[in-house]
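Open the model in your viewer and keep the selection tool at hand. The tour begins at one side chain and then widens to the whole chain.

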Amino acid sequence: QLQLEESGGGLVHAGGSLRLSCAASGSTLEYYSIAWFRQAPGKEREGVSCISLTNGNTVYVDSVKGRFTISNENAANTVYLQMNSLNPGDTAVYYCAARRGQSCSSGWYRVGKYDYWGQGTQVTVSS
């Protein structure tokens, strides 16, 4: 059974950076796609970025393009989200999620597409 654990969240000033980690256990991520979602208070969970561990394809929601970078480290069975130029609008709980045997194709941002979720890590950006 795949388990995911996020870390790396915290409080940062606007313009700052954070790197989130999504560490997997119970299975190798080789045949999964991994997505980062975020949920701000009173808002729906939003897909932020996705990486396919099968073909390396990556996608981003428009609001983070050029600021966030998703990557993976196979040896560590971990996926990262490097977040630069953060602004208060990025404040949310960030979750990683996994689905097996899929690329980051159409619909990657849909919550229901994913079978495994971490517990989330809080990111707070102050102005």
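Select Ser52 and Thr54 and show their side chains. The two side chains make a polar contact at 2.7 Å. Keep in mind that this is a predicted model.

Now colour the strand around the first of these residues. Ser52 belongs to strand S5, which covers residues 46–52. Is Ser52 buried or exposed? Its relative accessibility is 1%, and the cut-off for buried is under 20%, so Ser52 counts as buried.

What does Ser52 touch, beyond residues up to four places away in sequence? Select Tyr32, Ser33 and Asn57, then add Gln102, Ser103 and Cys104. Each of these six residues touches Ser52.

Next stop: Gln119. Look in the loop between strand S10 (116–117) and strand S11 (121–126). Gln119 has a relative accessible area of 48%. Partly exposed residues lie between the 20% and 50% limits, so Gln119 is partly exposed. Ser52, by contrast, is buried.

Which residues are in contact with Gln119, once neighbours within four places in sequence are set aside? Select Leu4, Glu5, Glu6 and Tyr95. Then draw a C-alpha to C-alpha distance from Gln119 to Glu6. The viewer should give 6.9 Å, although 113 residues separate the pair in sequence.

Zoom out and switch to cartoon. How many helices and strands does the protein chain have? There are zero helices and 11 strands. Step from the N terminus on, and every element in the run is β.

Contacts across long sequence separations can be counted for the whole chain too. Take contacts between residues at least 6 apart in sequence: 60% of them join residues at least 24 apart.

Now frame the overall dimensions. Along the principal axes, the C-alpha atoms fill a box of roughly 40 × 30 × 25 Å. The radius of gyration is 13 Å. That agrees with a compact globule, because 127 residues in such a globule would give a value near 14 Å.

Turn on the surface. The accessible surface of the protein chain is about 6,200 Å², and carbon and sulfur atoms account for 44% of that area. Colour by burial instead, and buried residues make up 44% of the 127 residues.

Last selection: the charges. The protein chain has 10 positive and 9 negative charges. Their mean positions lie 5 Å apart.

Conventions
Residues are numbered from 1 along each chain as its sequence is written. This is a predicted model: local features need pLDDT of at least 70, side-chain atom pairs count only at pLDDT 80 or more; totals for chains, interfaces and linings use all residues. Side-chain values use heavy atoms; hydrogens and water are left out. Helices (H or I, at least four residues) and strands (E, at least two) are DSSP runs, numbered from the N terminus. The radius of gyration is taken over C-alpha atoms; the globule rule is 2.2 Å times the number of residues to the power 0.38. Buried means under 20% relative accessible area, exposed over 50%, partly exposed in between (1.4 Å probe, protein chains only). Contact means heavy atoms within 4.5 Å. Accessible areas come from the Shrake-Rupley method with a 1.4 Å probe; for residues, only the protein chains shown count as cover. Lys and Arg count as positive and Asp and Glu as negative; His and the chain ends are not counted. The place of a charge is taken as NZ of Lys, CZ of Arg, CG of Asp or CD of Glu. A polar contact is a pair of N or O atoms within 3.5 Å; within protein, one must be able to donate a hydrogen and the other to accept it, and residues adjacent in sequence count only if both atoms are side-chain atoms.
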